[in-house]
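Visitor: I am new to this one. Could you walk me through it, one question at a time?

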Amino acid sequence: MAFPAGFGWGAATAAYQVEGGWDADGKGPSVWDTFTHQGGERVFKNQTGDVACGSYTLWEEDLKCIKQLGLTHYRFSLSWSRLLPDGTTGFINQKGIDYYNKIIDDLLTNGVTPIVTLYHFDLPQALEDQGGWLSEATIESFDKYARFCFSTFGDRVKQWITINEPNIYAMLGYELGIFPPGVPHSGTGGYQAAHNMIKAHARSWHSYDSLFRKEQKGMVSLSIFAGWAEPADPNSVSDQEAAKRAISFCLDFIAKPIFIDGDYPEVVKSQVASMSKKQGYPSSRLPEFTEEEKRMIKGTADFFAVQYYTTRLVKYQENKKRELGILQDAETEILTDPSWISLDWVYVVPWGIRKLLKYVKDTYNNPVIYITENGFPQLDPVSLDDTQRWEYFRQTFQELFKDSLEVLHAASARAHRSYDLGQSSGSPYPASHERSREEFTNRFPETLPS
């Protein structure tokens, strides 16, 4: 299986999931530290990220894995509270700067391009105490943090992700409350949090554009989670429309303001406004952008970063009870095909990524695309003989390269990031990972550099 010239292969991690050292060397607490320490089975088996993969002290071992796999890119996130313990530049933690400087320098020394995410779900607890992403004050705090990072690391980092999956974190953290801060705000919190994250991203993009781009010559975007939505009944008009709404409420909700016109999709605005009226609200529960904000948001991405794992079937489900919630506003029911192979929430639907990239190409004016996350989960203990994972990737790549002139090349897909480098069990991959490189090379012989 030959990859196109210039196609990059990488791995991705997130600070809280791999670093450990939750209070080491002056790091401040993040919302995940608080959330997991509260117990109460909020997290599987009351696990925490206090140790995780231990990457804060074992970075050299991670680097060995990166080199053994022959990766061209490595995406990682900065821990906001490791750099700025209270979320502000009032106190800067030099130990945190030193840690990330070493990662960046080591990657570049070994010919690996760093892609750096500023925020991957781990807001400093001090900022959450002041309202978190429900507060507009966090927009200013994020912009100052972004400027600090651009100034500190931007001489070497040329590809930035501002915010990881704002659509997902807004939903899980502030709508459903199953992620930190753990307090649900059904029908309102998800919209408000996403609204503020979009504005925070746009502010930081403009900061880079006006203050750093000329000298540093880098690129800035945000990553958007997007599963593909297929009508449960392809012959049903209502299911077809429901599938379109599902995409609008997930992918387009973030992408349209940034890549098209600075505003939410019309179907989202009309659905939420209609449902809000039925529920007795004096106005729509969906916040509105001012005209000035629309101008500020429009065009604030240098590439399209998408994160795909799976696909769902979507059926029309009228909200007869007028229940509060984003899914209820969309009037969709999410289903799966019983024939699909699955593990946990990921169903193996390889053709979904191809349809998704084609949709992005057609809807967003053929942007340069980076697949910044993709992968297949496995339960502990993980064996190196992970046939399911290899099969997932093999089928995914086959779909990507079908009619490549029409889909892959036309959609300008540039890179694929397998998520993640470290095991979810909290341990680095073993030294015998060289075997994985051998197997990888045998299966995808034209992927890795020699």
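Guide: Start with a cysteine. The sulfur of Cys65 is 10.0 Å from the closest cysteine sulfur, in Cys53, and that is too far for a bond. Keep in mind that this is a predicted model.

Visitor: How many disulfides does the count come to?

Guide: A disulfide is a covalent bond between the sulfur atoms of two cysteines. The rule asks for two sulfur atoms within 2.5 Å. Cys53 is in no disulfide, since its nearest cysteine sulfur, that of Cys65, is 10.0 Å away. The count comes to 0.

Visitor: Is Cys65 buried or exposed?

Guide: Buried means under 20% relative accessible area. Cys65 has a relative accessible area of 5%. That value makes Cys65 buried.

Visitor: And Cys53, buried or exposed?

Guide: The cut-off is again under 20%. Cys53 has 4% relative accessibility, so Cys53 counts as buried.

Visitor: Which residue in the loop between helix 2 and helix 3 has a positive phi although it is not a glycine?

Guide: Most residues other than glycine have a negative phi. In the loop between helix 2 and helix 3 (55-69) lies an alanine with a positive phi of about 50 degrees. Its relative accessible area is 13%, so it is buried. The residue is Ala52.

Visitor: Asp25 also has a positive phi. Is Asp25 buried, exposed or partly exposed?

Guide: Asp25 sits in the loop between helix 1 (15-18) and helix 2 (31-37). Its phi is about 55 degrees. Partly exposed covers values between 20% and 50%. With a relative accessible area of 40%, Asp25 is partly exposed.

Visitor: Is the peptide bond from Pro180 to Pro181 cis or trans?

Guide: Most peptide bonds are trans. Pro181 is in the loop between helix 8 (166-175) and helix 9. The bond from Pro180 to Pro181 has omega near 10 degrees, which makes the bond cis.

Visitor: What span is expected for helix 7, at 1.5 Å a residue?

Guide: Helix 7 covers residues 137-153. It has 17 residues and reaches 25 Å from its first C-alpha to its last. That is close to the expected span, 24 Å.

Visitor: At what angle do the axes of helix 7 and helix 9 cross?

Guide: The two axes come within 9 Å. The crossing is right-handed. Residues of helix 7, including Ile139, Phe142 and Ala146, meet residues of helix 9, among them Ala200, Ser204 and Tyr208. The contact divides into 7 nonpolar, 3 polar and 5 charged residues, and the axes cross at roughly 35 degrees.

Visitor: His201 is in helix 9. Is His201 buried or exposed?

Guide: Leaving aside neighbours within four places in sequence, His201 is in contact with Thr162, Ile163, Ser221, Leu222, Ile258 and Thr300. Its relative accessible area is 0%. That is under the 20% cut-off, so His201 is buried.

Visitor: How far is the C-alpha atom of Asp252 from that of Val360?

Guide: Asp252 lies in helix 11 (residues 237-261). At 6% relative accessibility, Asp252 counts as buried. Not counting residues up to four places away in sequence, Asp252 touches residues including Pro265, Tyr359 and Tyr364. Asp252 and Val360 are 108 residues apart along the chain, and their C-alpha atoms are separated by 9.5 Å.

Note on methods
Residues are numbered from 1 along each chain as its sequence is written. This is a predicted model: local features need pLDDT of at least 70, side-chain atom pairs count only at pLDDT 80 or more; totals for chains, interfaces and linings use all residues. Side-chain values use heavy atoms; hydrogens and water are left out. Helices (H or I, at least four residues) and strands (E, at least two) are DSSP runs, numbered from the N terminus. Buried means under 20% relative accessible area, exposed over 50%, partly exposed in between (1.4 Å probe, protein chains only). Contact means heavy atoms within 4.5 Å. Axes are lines fitted to C-alpha atoms, for helices over the stretch in contact, and angles run from 0 to 180 degrees between N-to-C directions. A crossing is left-handed if the near helix is turned anticlockwise from the far one by less than a right angle, and right-handed if clockwise. Ala, Val, Leu, Ile, Met, Phe, Trp, Tyr, Cys and Pro count as nonpolar, Asp, Glu, Lys and Arg as charged, and the others, Gly among them, as polar. The expected span of a helix is 1.5 Å times one less than its number of residues.
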